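Visitor: Please choose one part of this model and look at it closely. I would also like to know how that part connects with what surrounds it.

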Amino acid sequence: MGKHTLEIEYDYDFVLIGISSHEKDYRICWALNNQLGLNLVKADALEIKDKKQDDPSFFSLFAFELPDEFMEYFIIANRSEKGLLIPEQKQVDYFFIIRGEIENDKVMEMIKLIKESSLVQTAFRVDVNALKSKQNLIL
């Protein structure tokens with residue numbers, strides 16, 4: 001019997017913002033909640049099992065949903081005890097994911113507000129499709 005492989009194409013239709021900060025995850029979420037009027041709360045950690053690792057890596061995850069507006073917001077740590085979620089973005093400590101219909105002007109305004117936080121060193125938009133390990137961002 002022949003071998004069959006299933007190829008799945010994921011939809012990377014979300015806005016990705018990289019955040020650099022030396023603060024703990026809960027402090028970043030507190031700052032973003034205040035700056036952006038969100039209510040990010042801790043969720044189960046994102047579990048990634050690499051082929052080279054015996055044990056999975058766990059990345060802290062915070063989430064907030066606005067079902068009436070079809071919007072979802074996530075903060076994911078880029079660092080765990082075992083390495084990076086997105087190795088090609090070493091300078092990023094956290095990823096802010098926005099799912100749903102959002103205008104570019106609104107995204108730029110959010111980045112500006114994130115940068116204004118005293119807990120954040122910098123924030124910038126990341127092109128999801130240019131990332132080699134973008135599959136790690138599928139929630």
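**The second largest pocket and its surroundings**

Guide: The second largest pocket is lined by Ser21, His22, Glu23, Lys24, Asp25, Phe58, Phe59, Ser60, Ala77, Arg79, Asp93 and Tyr94. A pocket here is an open set of points on a 1 Å grid over the protein atoms alone, where a 1.4 Å probe fits and protein lies on both sides within 12 Å along at least five of seven lines; lining residues have an atom within 4 Å of a point. The model is predicted, so local features need pLDDT of at least 70 and side-chain atom pairs count only at pLDDT 80 or more, while totals for chains, interfaces and linings use all residues. Residues are numbered from 1 along each chain as its sequence is written, and side-chain values use heavy atoms, leaving out hydrogens and water.

The volume of this pocket is about 220 Å³, taken as the space filled by probe spheres set on points joined across faces, edges and corners. Its lining has five charged, four nonpolar and three polar residues. Strand β3 gives the largest share, three residues; strands are DSSP runs of E with at least two residues, helices runs of H or I with at least four, numbered from the N terminus.

One lining residue, Asp25, also belongs to helix α1, residues 25-36. The twelve residues of α1 reach 16 Å from first C-alpha to last, close to the 16 Å expected at 1.5 Å a residue, where the expected span is 1.5 Å times one less than the number of residues. Asp25 is buried (under 20% relative accessible area, 1.4 Å probe, protein chains only), as are Ile28, Cys29, Ala31, Leu32, Asn33 and Leu36 of α1. These buried residues pack against β1, β2, β3, β4, β7 and α2. Gly37, with a positive phi near 70°, follows the helix.

α1 leads on to the largest nonpolar core, of 26 residues, in which Ile17, Ile19 and Phe96 have the most contacts. Such a core is a set of buried Ala, Val, Leu, Ile, Met, Phe, Trp, Tyr and Cys residues joined through side-chain atoms within 4.5 Å. β1, α1, β3, β4, β7 and α2 each supply at least two of its residues, with α1 giving the most, five.

Ile19 ties these parts together. Beyond four places in sequence, its contacts (heavy atoms within 4.5 Å) include Leu32, Phe96 and Val92, as well as Asp93 and Tyr94; the last two line the pocket. Val92 itself is in a second, separate core of 19 residues, which also includes Phe14, Leu85 and Ile97.

Terms used
Ala, Val, Leu, Ile, Met, Phe, Trp, Tyr, Cys and Pro count as nonpolar, Asp, Glu, Lys and Arg as charged, and the others, Gly among them, as polar. Buried means under 20% relative accessible area, exposed over 50%, partly exposed in between (1.4 Å probe, protein chains only).
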